[in-house]
Amino acid sequence: MKHRLELALGISMLLSSGASGAEPLWKKHVVHDGLHTNVAVGGDFTGDGKPDVISNSGGKTRLFVGPDWKEVILDETKGHDFIHGETFDVDDDGDLDFIGARYSPGLVVWLEQPKNGATEKWVARVAEDQIDGIHGVLKGDVDKDGKPDLLANSGQPKGPFANSAAWLKVSKNPRETSLWQRNIFSKGDAPGLSHYLGFGDVNGDGRPDISMAAKGGPQAEPGTGEWFAWWEAPKDPTAVWKKHLIADKQEGATNIQPADVNGDGKMDFVATRGHGRGVLWLEAPDWKLHEIHPTLKEPHCLQVVDMDGDGDIDAATCGYGDQLAAWFENDGKGKFKTHIVAENQGAYDIRAVDMDKDGDLDLLIAGQISKNVVWYEHP
């Protein structure tokens, strides 16, 4: 009864914040059901041109071959329990590989897509094993050499890289030289259990910067966390970067990504308080805070992308506390309308992917408390 009352309250709050009650929910497609799942990514992992899904649950990394979602176990190595993941062509052979990150003890593992991803063995190799408290990983070309690097936090207040964050450069021969080059860009100045990262040129100097958030709260060291911040890239990206605080006293801060929200040519930020309440954006240059949705409970994931194809930046998330997935339509000037995508859906991870190849973005969700991997079809 308590859960039903909380869910009803969550829906009511969303509707009161601009959602249209007349809109139908998006069509739900179940990829996998029955296991707590923290991460799911979409892409062509079999070479047939059709979207597939890779997720991690129950200590196994699983490939679901689209469109029928036949399950293939890629890796069941003990200890390969991943809280987040990425996908890019690690070994430069023209196909997508999978990168999984374990929280603590920290570990980054990449799985090599073989010639036929649905039938041949995927080889798992360790890329990083010293940073600890990896809650978010994100690809981005940090050193502008035309190849993706991997951003990862070291959010635990212990170990050789406590309260820090790194970018990892893929080794020249990743199949032969396992560990990637570790570059600490945030050195001890990210306390409070940091979560996810963002990537983009914030100050217009032509160098991509990195943003990050830390939740704080009772699990963190007293007086730490509850902030959004960005790190300014130096000329030498392998050096330590300069931290700039965007906002503090943001209870449960988890996600922050750069984007020009209001079309004024300046880089703003879209963010969530994934261990608290609320979706918001912070306006450059003074980081004025605007609530997109102030009450959505535990929006622990975030996509910042043009969801409706109208040329401006929208946002999408799923609040696992309210068990509601939603996207927020930007009018191009920073005013947002809430659209409910799904009810009774938890999420630790959300990705905007064209799952049905119809030209628009759908939402792929890894549900932790809802114990599923699903995608919702953009109407």
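Two strands are said to pair when DSSP finds at least two bridges between them, and this idea of pairing is what the first stop of the tour rests on. The model on your screen is a predicted one, and the tour moves through its sheets, two of its pockets and a few single residues.

**First stop: the sheet that holds β1 and β26**

Select β1, β28, β27 and β26, in that order, because this is the order in which the four strands form an open sheet, with antiparallel pairing. Strands of a sheet pair through backbone hydrogen bonds, either parallel or antiparallel. At the edges of this sheet you will find β1, which covers residues 27-33, and β26, each of which pairs on one side only. If you look along the sheet, the twist from one strand to the next averages 20 degrees.

Now keep β1 and β28 (residues 372-377) in view, where six bridges join the two strands in the antiparallel sense. To see one facing pair, select K27 together with E377 in β28, since these two residues stand opposite each other.

Move next to the other edge and select β26, residues 349-353. Its partner is strand β27 (residues 362-367), to which β26 is joined by five bridges, again running antiparallel. Here A352 stands opposite L363 in β27. How many of the residues of β26 are buried? Five of its five residues are, and the strand is described as mostly covered. If you show the side chains, D349, R351 and V353 point one way from β26, while I350 and A352 point the other way.

**Second stop: the largest pocket**

Stay with β26 on the screen, as this strand also leads to the largest pocket, which has a volume of about 580 Å³. Of the 27 residues that line this pocket, the closest to its centre are E86, L138, Q257, Q303 and R351, so select those five as a marker for the place. Which strand gives the most to the lining of the largest pocket? It is β26, with five residues. Other strands that each supply at least two residues of this lining include β2 (37-43), β10 (137-140), β14 (194-200) and β22 (303-305). If you colour the lining by class, you should find 15 nonpolar, eight polar and four charged residues.

**Third stop: β6**

One of the strands that contribute to the lining of the largest pocket is β6, residues 84-88. Five of the five residues of β6 are buried, so this strand is largely enclosed by the rest of the structure. From β6, the residues H84, E86 and F88 point one way, whereas G85 and T87 point the other way. Add strand β7 (residues 97-102) to your selection, and you have a pair that runs antiparallel over five bridges. Within this pair, the bridge partner of F88 is D97 in β7.

**Fourth stop: the sheet that starts at β18**

Select β18, β19, β20 and β21, which in this order form another open sheet of four strands with antiparallel pairing. The edges are held by β18 and β21 (288-297), each with a single partner strand, so one side of each is left without a neighbour in the sheet. In this sheet the twist averages 15 degrees from one strand to the next. Between β18 and strand β19 (residues 268-272) there are five bridges, and the two strands run antiparallel. To see a facing pair, select N255 and T272 in β19, which stand opposite each other.

**Fifth stop: E112 and Q113**

Select E112, which lies in strand β8. Is this residue buried or exposed? At 13% relative accessibility E112 counts as buried, because buried means under 20%. Add F98 to the selection, and the two C-alpha atoms are 6.9 Å apart in space, although E112 and F98 are 14 residues apart in sequence.

Then select Q113, which is found in the loop between β8 (107-112) and β9 (123-128). Q113 also counts as buried, at 3% relative accessibility. Follow its side chain, and you will see that the side chain of Q113 reaches the backbone oxygen of L96 at 2.5 Å.

**Last stop: the second largest pocket**

Finish at the second largest pocket, which holds about 300 Å³ of space. This pocket is lined by 14 residues, and the closest to its centre are V90, K147, V170, S171 and K172. By class, its lining has five nonpolar, one polar and eight charged residues.

Conventions:
Residues are numbered from 1 along each chain as its sequence is written. This is a predicted model: local features need pLDDT of at least 70, side-chain atom pairs count only at pLDDT 80 or more; totals for chains, interfaces and linings use all residues. Side-chain values use heavy atoms; hydrogens and water are left out. On a 1 Å grid over the protein atoms alone, a cavity is a set of points where a 1.4 Å probe fits but cannot get out, and a pocket is an open set with protein on both sides within 12 Å along at least five of seven lines; lining residues have an atom within 4 Å of a point. Grid points are joined across faces, edges and corners, and a volume is the space filled by probe spheres set on the points. Ala, Val, Leu, Ile, Met, Phe, Trp, Tyr, Cys and Pro count as nonpolar, Asp, Glu, Lys and Arg as charged, and the others, Gly among them, as polar. Axes are lines fitted to C-alpha atoms, for helices over the stretch in contact, and angles run from 0 to 180 degrees between N-to-C directions. Buried means under 20% relative accessible area, exposed over 50%, partly exposed in between (1.4 Å probe, protein chains only). A polar contact is a pair of N or O atoms within 3.5 Å; within protein, one must be able to donate a hydrogen and the other to accept it, and residues adjacent in sequence count only if both atoms are side-chain atoms.
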